[in-house]
Amino acid sequence: MISPPPLKKQIFMTFFRGKILRVCLLALLFVCLICALCACNKSSPRPAFSRPIYDINMTYDAKAHTIDAKQETLIPLPEKMTEDYVLFNLYANAVAGVGDAISVSEVKINRKSVDFEICGKNNCFLKAPLLGADTLYDICFEYSVNVPEEKLRLGVSDGVALLSFFYPSAARYDGGWRENEYLEIGDPFMSDCADFYVTLKTSPSLVAAASGEVSPMDDEDGVYEICAEGVRDFALAIGDFEVAKKDIQVGGRDVAIKYFYSQDEASDATLSRAANAVEMFSQAFGDYPYPAFSLVQADIDGGGGMEYGAFATVSPSERENYLDAVAHEVAHQWWYGAVGSDQINSAWLDEGLSEFCTYYLDFLVGDRKKYGDAIKDISRSYSAFAQDLRPAGFSEKMERPLSSFLTTGEYVAVVYKQGALLFDMIRGLVGDKKFVAAMRVYFEDNKFGFADKNSLISAFKTQGYDISPILAARL
Ligand SMILES: [Zn+2]
């Protein structure tokens, strides 16, 4: 049984008990260390407090399609910052495409109300002044969200509420705030791994699926306690779901695989596909780092599925595509989830690799012919696409910003298909044993952080291969 409330209460109480920040910080570190050893996730990826902590208390009204939330976020910041403000992404405004999906009524920093600014295209940023020069800030928000009735990453359709990107999310700070405006193509999101402790209240007649571990619902009140540690973002879905479950063993510990669906005549096979992918990718690349994985059937326009921390969606589609989407989204738990990368400027790194893994899963289970056939198909379709568009100036360069792609078709061809072919080419050149060994190094060295092409080059160097000329030629 999980116990998130004691953990989060200890963390926040510890933070405010004393007035001297350094004492607070030491106490906080100690509490976090102890909590990490004994709290809800016994295999917590990182014990020290060096990443954001989100405490969200939210109510979802399933009739009005609204969220009301109070959120407390602890964020560590560098000692020397030139900026005197903190930046949060209001992805809700951008994803819903209306600019006013989220209404923030109050922001407090270290318990003091502050004036804040909402700015950027589609009102996608919130800026608030940093008072003092601390390295640890407590930032509280009160907000409400109108969830649109559309097939979006934040939307309600076919009786399923997909609630992702609904909360103010700390922007990434790497020598400056990353002001990444939302784009229609790709996944223009970038965030540090964080710990989420969420209390959700909703209709008792519905089922909630979420990132991380979800406590059994209190039937009378419809209240769930959710704990998701070390995830890059937090998402949930609420609906009248059927649920299929399976516990698997990864690295000597249990991982709960859950599949929430509305219509699937082969639900056991879908669940097995997800469980098998978690097992096989764990064996190949390194252990799945979370105690649970939830897959949700939710329709998103223009997308076969969407990845989130320890959680993914899959859109209804023809069976073979559906199972491919399941494998693809599970692969993202390694590439994007645990190993983050710049999804705005180097989307090939997580998408190309996850697309490669979609088919490599067949190779890993022993069906080399199916894998080989899939790669040949991708190669043929990519070549035809490129040949048709080369006269029109089609660029095959992979390392480029999402804003440079004119259409989703171009983005998918260059980033997914050519990305998958790149990884297959490297695999073919170095051999499977060295390829898998290098990918294990890449995973282990960059787990819960960020990787780039140099991280990939370094990983292959440990196996005696310099792939930089290949990347230079293809990127
Ligand atoms: Zn993907």
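Two strands are taken as paired if DSSP finds at least two bridges between them. In this predicted model, an open sheet of eight strands follows the order S5-S4-S8-S2-S1-S12-S15-S14, and its pairing is mixed. The edges are formed by strand S5 (112–113) and strand S14 (213–214); each has a single partner strand, so one side of each is left without a neighbour in the sheet.

Within this sheet, strand S1 (residues 53–61) is joined to strand S12 (residues 194–201) by seven bridges, and the two run parallel. Tyr54 stands opposite Phe196 of S12. S1 is also joined to strand S2 (residues 66–76), in this case by nine bridges and in the antiparallel sense. Thr59 has Asp68 in S2 as its bridge partner. S1 and S2 form a hairpin, with four residues between them. In the turn of this hairpin, His65 has a positive phi of about 60°. Towards the S5 edge, strand S4 (residues 102–109) pairs with S5 over two bridges, antiparallel. The bridge partner of Lys108 in S5 is Ser113.

An open sheet of four strands has the order S6-S7-S3-S11, with antiparallel pairing. Strand S6 (117–119) and strand S11 (169–170) are its edge strands, and each pairs on one side only. Between them in the order, strand S3 (residues 85–89) and strand S7 (residues 125–129) are paired over five bridges in the antiparallel sense. Here Leu87 has Lys127 in S7 as its bridge partner.

How values were computed
Residues numbered from 1 in each chain as written. Predicted model: local features only at pLDDT ≥ 70, side-chain atom pairs only at ≥ 80, totals over all residues.
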